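Welcome! Here are a few exercises to help you find your way around a new structure. Try each task yourself before you read its solution.

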Amino acid sequence: MEKAAISADMQATLRFILGRQGLWPGRRWSGREDLEAALENLCRIQVDPLNAVGRNHDLALHGRIDGYRPEHLQDALYNRHTAFEWGATLFVYPVSQFRFMRARMELFGSGSDWSSISRRYSSSIDEVLRSIERNGPMGNRDFKGNRKVDSYVARKDTGIALYFLWLHGDLMISGRRRSEKLYDLTDRVIGRIPDAAPADEAEEQLIKQRFKLYGASNQTEAYSAIRTCSFGKVKKEHVVRKLRRLVRDGTVAEVSVRGWKGPGYILAETAAELSAVASCTPPVEWKNSRRDATETVFLAPLETVTARGRSRSLFGFRYRWEVYVRAPDREWGYYTLPVLHGDRLRARIDMRADHSSGTLRILGFWPESEDDIRDSDFASSLGLAIWRLAEFNGVDSLDAGGLPSTQFRSMVVSSSTLPVGRKLSAPAGSKPKK
């Protein structure tokens, strides 16, 4: 493989990764009007229904868009249709990617497992398609009297039919009735269905999107991007050859990152941005929406920059989302989130929005070092982040008992820079969680 022409130190690389994600030098966007720009930049956001202080997809957008509200994404998905949901692991994608994703959707009808399902449930698939065509958006509960099935996908045959037609691209989620998905014909949701891109073009585009998502990838991540975005099963030698070709034709650039074992990889079109960050002059487009000197953001639990081991490999920061860990085995807490301050992960925080009392409860806080809880600038910035999250959740008081020391708790709660004169106050006598 050709020798790398680009080099960067670890700090510049981390800033580049965060900056490509809209997280450095602060939140990039502002308001409903910037949602589409954020989605295009992110490529995709994982959807998760669990909600302690916000759902994963909403927290991810809240951490990047000043003034974001969940209804902004719902409007994009179900009214303006500038985004769509898809996948066995559910993600939100910008609608500009539909043409390429359509090529992948069509594979679900040709795989051996799905071919068997489409034959077995052909009458149910036809019934569901005709009913939706005739009646408009429908959910699984709208189909009565259908036979029950034993499947992880659904409990009755029409549920399997809906799932198949959705994965195949014939249907799209057009809205929700509480938590239930409503499906409609794809061409009625987004207009004329764009023709699927040719398989080789779609594969190339999806691989580029994955490199864009990572920002900078180590070799393992680069191989994973190619393997998971390739159509059909691929052997390791195919993946290696594909990466070499992407570097050779100038789609991907190899980077030497001081501190990494082996080469790193970025989209070649982003090389100028990495060079700018390395020379301490972030691209003009990477503006901070509030122009705070250093912002603190609570990262969503399934963030690209920290999930699936990246927090440790990139930042040396131990983190796991513990919602699926038995309570006695948790090291931190149920919905613990990483705390990003500038370009550093400085702590973990476990919070819960108690809507019955209008209170944001801090259940636990685990700093990376004792110096972090003596840093008044960090405490003030954390206070701002807590206020923003409280406002996002529609609550206006704070139980700060989980903060680790009286002095730090006082610095956070009494921050003098809270917007519009509001202050969050800890209940009298609240004590840090031990």
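**Exercise 1.** Work out which residues of strand β11 (residues 264-267) point one way, which point the other way, and whether they are buried or exposed.

*Solution.* Keep in mind that this is a predicted model. Step one: follow the strand and sort its side chains. Gly264 and Ile266 point one way, while Tyr265 and Leu267 point the other way. Step two: check their surroundings. All four of these β11 residues are buried.

**Exercise 2.** Find the strands that pair with β11, and say in which sense they run.

*Solution.* Start with strand β10 (residues 252-257), which pairs with β11 in the antiparallel sense over 4 bridges. Within this pair, Val255 stands opposite Gly264. Next, look at the link: β10 and β11 form a hairpin with 6 residues between them. In its turn, Gly259 has a positive phi of about 110 degrees. Now turn to strand β9 (residues 217-218), which is joined to β11 by 2 bridges and also runs antiparallel to β11. Here Ser217 has Tyr265 as its bridge partner.

**Exercise 3.** Describe how helix α5 (residues 98-105) packs against helix α10 (residues 199-214).

*Solution.* First, the geometry: the angle is about 115 degrees and the axes lie 9 Å apart. The crossing of α5 past α10 is left-handed. Second, the contacts: Arg99, Phe100, Met101 and Ala103 of α5 meet Glu201, Ala202, Gln205 and Leu206 of α10. Third, sort these residues by character, and you get 5 nonpolar, 1 polar and 2 charged.

**Exercise 4.** Place Phe108 in the model and list what it touches beyond its sequence neighbours.

*Solution.* Begin with the location: Phe108 sits in the loop between α5 and α6 (112-120). Its relative accessibility is 22%, so Phe108 counts as partly exposed. Leaving out residues up to four places away in sequence, Phe108 touches Trp86, Trp114, Phe164 and Leu167. Finally, compare sequence with space: Phe108 and Trp166 are 58 residues apart in sequence, and their C-alpha atoms are 10.0 Å apart.

**Exercise 5.** How many disulfides does the model have? Explain the case of Cys43.

*Solution.* Recall that a disulfide is a covalent bond between the sulfur atoms of two cysteines. The cut-off for counting one is 2.5 Å between the sulfurs. For Cys43, the closest cysteine sulfur belongs to Cys229 and is 10 Å away, so it is too far for a bond. The count comes to 0 disulfides. As a last step, look at accessibility: Cys43 is buried at 3% relative accessible area, whereas Cys280 is exposed at 63%.

Definitions and conventions:
Residues numbered from 1 in each chain as written. Predicted model: local features only at pLDDT ≥ 70, side-chain atom pairs only at ≥ 80, totals over all residues. Heavy atoms only, no water. Axes fitted to C-alpha atoms, helices over the stretch in contact; angles between N-to-C directions. Left-handed = near helix turned anticlockwise from the far one by under 90°. Contact = heavy atoms within 4.5 Å. Nonpolar A, V, L, I, M, F, W, Y, C, P; charged D, E, K, R; others polar. Buried < 20%, exposed > 50% of the residue type's maximum accessible area, 1.4 Å probe, protein only. Pairing = 2+ DSSP bridges.
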